[in-house]
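I am opening a notebook on a structure that is new to me, and I want to record what I look up in the order in which I look it up.

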Amino acid sequence: MLKINNVVKTYDNIRALDDVSFSVEKGELFGLIGPDGAGKTSLFRIIATLLLADSGSVAFDGRDVVKDYRYVRQHVGYMPGRFSLYQDLSVRENLEFFATIFNTTFNENKHLIQDIFKQLEPFQNRKAGDLSGGMKQKLALSCALIHKPTVLLLDEPTTGVDAVSRKEFWQMLKNLKEEGISILVSTPYMDESTLCDRVALIQKGKVLQVDTPPAIAASFDRVVYQVKGHDLYGLLEEIRLLDGVHKAYPFGDSLHVYGPANLPLKEMILKRRPVTELEVEVIPANIEDSFMNLMVKEDG
Amino acid sequence: MDKAITAFELTKKFGDFTATDGITFDVDQGEVFGFLGANGAGKTTAMKMLIGLSRPTSGMATVAGFDVYKESEKIKKTIGYMSQRFSLYEDMTVIENMDFYGGIYGMDRKLRLERSNRAIVDLGMTSFKNQRVGSLPLGWKQKLAFTVATLHKPAIVFLDEPTGGVDPIARRQFWEMIYKAAGGGMTVFVTTHYMDEAEYCNRISIMVDGKMIACDKPEILKKDYQVTSIEEVFLKIARA
């Protein structure tokens, strides 16, 4: 469906994309996971025919995105990271406008966005600029869908969006996928990556790994010890000094400590810090553990 | 011990719309207080009233002992504030930004250079000292912005979504800076959409439609709502 081959993009002396290759299959929900500045937006703009790569190529439906840019634009729905709808137009006017520039009408394709539009309908005469964050995002998705694209490019649709709206948004993506639309979506939230069929982990323009979320989590090459107790920050500083501990990070209400198998971590902690309540348990690595591990490796 | 922040029935109306609807809570000195809520729940409005940028419609509040109605200028001098989006000058170097903001907060040149230089060493940013801020990775920028917001050693620092879009390692390093500041007695008032970060707070509050629905320690909220994570607490409250 979408084939990205050895794409390189530099700005002055910054390598924004460094030999990026992966492909998105038809009907796949594919996640591009990485922090700000990883190169995600540059890649989206290249696929969406808005930016030229220095070298490498992108093929959509077997057609080159540079040569066949008209075809690509007709079939791709792109939701940029920044809210880029017309703030002074109403919800309805924005939808009409985007439908018109793709030679269709809102009424003709209304069924495509039915579920999402239901939630927007009460506000359809409100100016886009006056919508709440969650509603703006729903409108932007609707505008990206109104010309019936076969692939959706969503650049950080959930950044700055609260946990409830994020959940709802991902449910919408799942529904769209079931209707056969392929989706490439980027996010800095690691927990969202588990909702994708496959993900590419990207950092500083380089793809670190491409696989299914369970496979990425399973590729973690150390043991994760989950530590729970009082004064986690104090514990963290203590644990980092212990022999055999590779890295230790806070993880919500616990700490994750990376080290070799069979590390007697509990005894080691208790020797230095006799605390009453301390739980140490070996747990499977999650995707965030894997990503942090890969990031550290990449940095040397 | 005097409270760092007190709010009683604090309310802000814009015409017919009540953005913040009678919220009552307080924050202890040295506490890390998480201020959560859905988009549009009224967090930013409430925060603006606390930092002296917006006058409440009714209710009472004090910050560092100062009244938000009568002593907003004193509040501004006593607090640090770091906004959602990066707020340093991209065209100025690391040290120039520190010097500039230190000056705005009324620190004399000797003191601000002394503290800036020490902070740069503590951050491990010595090699970036004379680099333009615009060229730094986001994680570094946010750590720098926090340092700048606390250079004048405020009693309370307000952080508005400080870690949005930051990579997972830098995000954790940022929270370690928060802990260190709180350990030194600074009160931290922070908003975030990362629910794992909510677990790092001493106490959190959750706002829905302008009202504060919950305010307690994370472990107590989880027990009260019979769930295992703050994310589930949040979903239960915000969807109700």
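**Chain B as a whole**

I began with the elements of chain B, and I counted nine helices and 10 strands there. Before going further I noted that this is a predicted model, and I read every entry below with that in mind.

I then looked up the extent of chain B, whose C-alpha atoms fill a box of roughly 50 × 40 × 35 Å along the principal axes. I asked myself what radius of gyration a compact globule of 240 residues would have, and how chain B stands against it. The expected value is near 18 Å, and because chain B has 18 Å, the two agree.

For the interior, I found that 46% of the 240 residues of chain B count as buried. I also checked the contacts in chain B between residues at least 6 apart in sequence, and 67% of these join residues at least 24 apart.

**A sheet in chain B**

Next I followed an open sheet of four strands in chain B, which has the order 2-1-4-5 and antiparallel pairing. Which strands lie at the edges? They are strand 2 (17-27) and strand 5 (66-67) of chain B, each of which pairs on one side only.

Inside this sheet I looked at strand 1 (residues 5-14) and strand 4 (residues 58-63) of chain B, which run antiparallel and are joined by five bridges. To place one pair by name, I noted that B:Thr6 stands opposite B:Thr62, which belongs to strand 4 of chain B.

**Strands in chain A**

Turning to chain A, I found that strand 1 (residues 2-11) and strand 4 (residues 55-60) run antiparallel, with five bridges between them. The partner of A:Ile4 in strand 4 of chain A is A:Val58.

Strand 4 of chain A is also joined to strand 5 (residues 63-64) of chain A, again antiparallel, by two bridges; here A:Phe60 has A:Arg63 as its bridge partner. I looked into the hairpin that these two strands form, which has two residues between the strands, and saw that A:Asp61 takes a positive phi near 55°.

**Where the chains meet**

Last, I asked how many residues each chain brings to the contact. Chain B gives 28 residues and chain A gives 26 residues. On the side of chain B that touches chain A, helix 5 (138-150), helix 6 (168-183), helix 7 (195-198) and helix 9 (230-239) of chain B each supply at least two residues. Sorted by class, that side of chain B has 14 nonpolar, seven polar and seven charged residues.

Technical notes
Residues are numbered from 1 along each chain as its sequence is written. Chains are lettered from A and ligands numbered from 1 in the order in which they are written. This is a predicted model: local features need pLDDT of at least 70, side-chain atom pairs count only at pLDDT 80 or more; totals for chains, interfaces and linings use all residues. Two residues are in contact if their C-beta atoms, placed from the backbone, lie within 7 Å. Ala, Val, Leu, Ile, Met, Phe, Trp, Tyr, Cys and Pro count as nonpolar, Asp, Glu, Lys and Arg as charged, and the others, Gly among them, as polar. Two strands pair if DSSP finds at least two bridges between them. The radius of gyration is taken over C-alpha atoms; the globule rule is 2.2 Å times the number of residues to the power 0.38. A residue is buried if 20 or more other C-beta atoms lie within 10 Å of its own, exposed if 12 or fewer, and partly exposed in between; C-beta atoms are placed from the backbone.
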